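Grab a pencil and work through these exercises with the model open beside you. Try each task before you read its solution.

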Amino acid sequence: MPCPTSPHLALLALLSVAGAVGPGEPCPSEMNLIKNRLQVNCSGQGLSVVPLALPRNTSILLLSTNRLASVSTASFQHLPELAELDLSGNGLGALHTGPPLPLLQVLVLSHNALGVLPTLQGLPALTRLALAHNNISGLVPGAFRAVGQLKVLNLRGNQLQTLPEEAFEGVAGLKDLDLSDNALDELPRGLLAGLELETLRLSGNQLRTLPSGFFPEGHVFAYVFLAGNPWRCDCGLAYLRGWIEDNDNSIYMQEQRSDGLLIENDPRSPVCDAPLRHRGSPVVDLQQACGKAGDADLDINGTMTEEGFLVPSTTAPSTTLPPTTPVPTTTAPSTTLPPTTPVPTTNAPEPASPAPPQLTSTPMTPTTTLIPSPPFHTTPLHITP
């Protein structure tokens, strides 16, 4: 029987220590074969403090689903190689930063009780930050300036209602921004200024419109999620409607299924919520019928409207008048008049009424594409959205 080759022996050696607990170590550790880093798993052990007896060369530390109500970066100073830290699901109310973690690249703080954004000092290498499903209700201008290398930011499922225009100032390299499932009812025009995002998630908020020029001119997104907002389809939505039409390949919706997350290209996914007569209609299927600023607006049939509604881009239906009942003729007694000089008659044709405008459009057919889940989910470090 031939002996295993050297690579096989090395792999067997690595696997043989997977999940092993050393003397005095409270958590199992294993070598992450994909990232070639030592991973220590302290998840779900009911810990109220960060354990000290951890391997000094720990690079990935999983501390999710414990009882860590308050944590300081000082608790990790004995781990100089720490690159990824998962503190999700702890009921964490405060993260005190200051003592630096110079190599930390990934920080997961999702599913906690954070009411304000931590200061994020001393994390110069941070590229991925997950703050999903906390209680954060506001951001200050330049809130992420201390982590200027940030690439992925997840703020999903918080209590954000408004954002300052300079909220993301100082993170020009940001590629993936998730603001979905908050309570945002408006966004400032310059929120994305200076950013070159690849993915933007705005679904599940309370947005009724977006200001003109909100999306950077000429920038092409890979994925934009806009569904699940109560869009008001009047003349104030003309900018968004035109942007969707011009960037239909970038508009996506997502659906969680038992076999994974389905990402679907669907420019018809943003739909109108108001006015009532347009509710449920795709925003992109509507055409503008607005006059000049200050003028009244016309509906499809030429009647005045109060709000300058958008009209469906379909052919205006023809109107058939019901048949009329002939009126019986009555013979009037004749009267003899003196002869008159006949006046020549001119048969001038009556001016034709202008035909109603014919609006046509080609509905956009969504295409379904199964793509990998957003890059925030890595193995074995699972970052909960």
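**Exercise 1. Find His-111: which loop holds this residue, and is it buried, partly exposed or exposed?**

Solution. Start with the place: His-111 sits in the loop between β7 (106-108) and β8 (128-130). Keep in mind as you look that this is a predicted model. Next comes the accessibility, which is 35% in relative terms for His-111. Buried needs a value under 20% and exposed a value over 50%, so His-111 counts as partly exposed. Last, check the backbone: phi of His-111 is positive, near 55°, and the residue is not a glycine.

**Exercise 2. Do the same for Thr-65: where is it, and is it buried or exposed?**

Solution. Thr-65 is placed in the loop between β3 (60-62) and β4 (70-72). Its relative accessible area is 53%, so Thr-65 is exposed. Now look at the backbone angle: Thr-65 has a positive phi of about 55°, although it isn't a glycine.

**Exercise 3. Trace the strands around Gln-39: which strand holds this residue, and which residue stands opposite it in β1?**

Solution. Step one: Gln-39 belongs to strand β2, which covers residues 37-41. Step two: β2 runs antiparallel to strand β1 (residues 29-32), and four bridges join them. Step three: find the residue facing Gln-39 across this pairing, and you land on Glu-30. Step four: look at the turn. The hairpin of β1 and β2 has four residues between the strands, and Asn-36 there takes a positive phi near 55°.

Don't stop there, though. β2 also pairs with β3, this time in the parallel sense, over three bridges. In that pairing, Val-40 has Leu-61 of β3 as its bridge partner.

Finally, what about the side chain of Gln-39? It makes a polar contact of 3.3 Å with the side chain of Asn-32. The relative accessibility of Gln-39 is 4%, and that's under the 20% cut-off, so Gln-39 is buried.

**Exercise 4. Describe the pairing of β14 and β15: how many bridges join them, and in which sense do they run?**

Solution. Count the bridges between strand β14 (residues 251-257) and β15: there are six, and the strands run antiparallel. Then follow the chain from one strand to the other, and you'll meet a hairpin that connects them through two residues. For one facing pair, take Arg-257, which stands opposite Gly-260 in β15. To finish, check how covered β15 (residues 260-265) is: five of its six residues are buried.

**Exercise 5. Work out the surroundings of Ser-269: which loop is it in, and which residues does it touch beyond four places away in sequence?**

Solution. Ser-269 comes in the loop between β15 and β16 (272-274). Its relative accessibility is 10%, so Ser-269 counts as buried. Leaving out residues up to four places away in sequence, the residues touched by Ser-269 are Ala-227, Ile-251, Tyr-252 and Met-253. A polar atom of the Ser-269 side chain also lies 2.8 Å from the backbone oxygen of Asp-266. Now compare chain and space: Ser-269 and Leu-226 are 43 residues apart along the chain, yet their C-alpha atoms are separated by 7.4 Å.

Move on to the next loop. Pro-275 lies between β16 and β17 (286-287), and a cis peptide bond with omega of about -5° joins Ala-274 to Pro-275.

**Exercise 6. Look at Asp-246: is it buried or exposed?**

Solution. First, locate Asp-246 in helix α2, residues 238-246. Second, read its relative accessible area: it's 63%, so Asp-246 is exposed.

**Exercise 7. Step back to the whole chain: how many helices and strands does it have, and what lines the largest cavity?**

Solution. The secondary structure comes to two helices and 21 strands. Of the 385 residues in the protein chain, 40% are buried. The chain exposes about 20900 Å², with carbon and sulfur atoms supplying 56% of that.

Now for the empty space inside. The structure has one cavity of 30 Å³ or more, and the largest cavity has a volume of about 40 Å³. Its lining includes Thr-73, Phe-76 and several leucines, among them Leu-85, Leu-101 and Leu-123.

Definitions and conventions. Residues numbered from 1 in each chain as written. Predicted model: local features only at pLDDT ≥ 70, side-chain atom pairs only at ≥ 80, totals over all residues. Heavy atoms only, no water. Buried < 20%, exposed > 50% of the residue type's maximum accessible area, 1.4 Å probe, protein only. Polar contact = N/O pair within 3.5 Å; in protein donor to acceptor, adjacent residues only side chain to side chain. Pairing = 2+ DSSP bridges. Areas by Shrake-Rupley, 256 points an atom, 1.4 Å probe, with all protein chains shown as cover. 1 Å grid on protein atoms, 1.4 Å probe; cavity = no way out; pocket = protein on both sides within 12 Å on 5 of 7 lines; lining within 4 Å. Points joined across faces, edges and corners; volume = space filled by probe spheres on them. Contact = heavy atoms within 4.5 Å.
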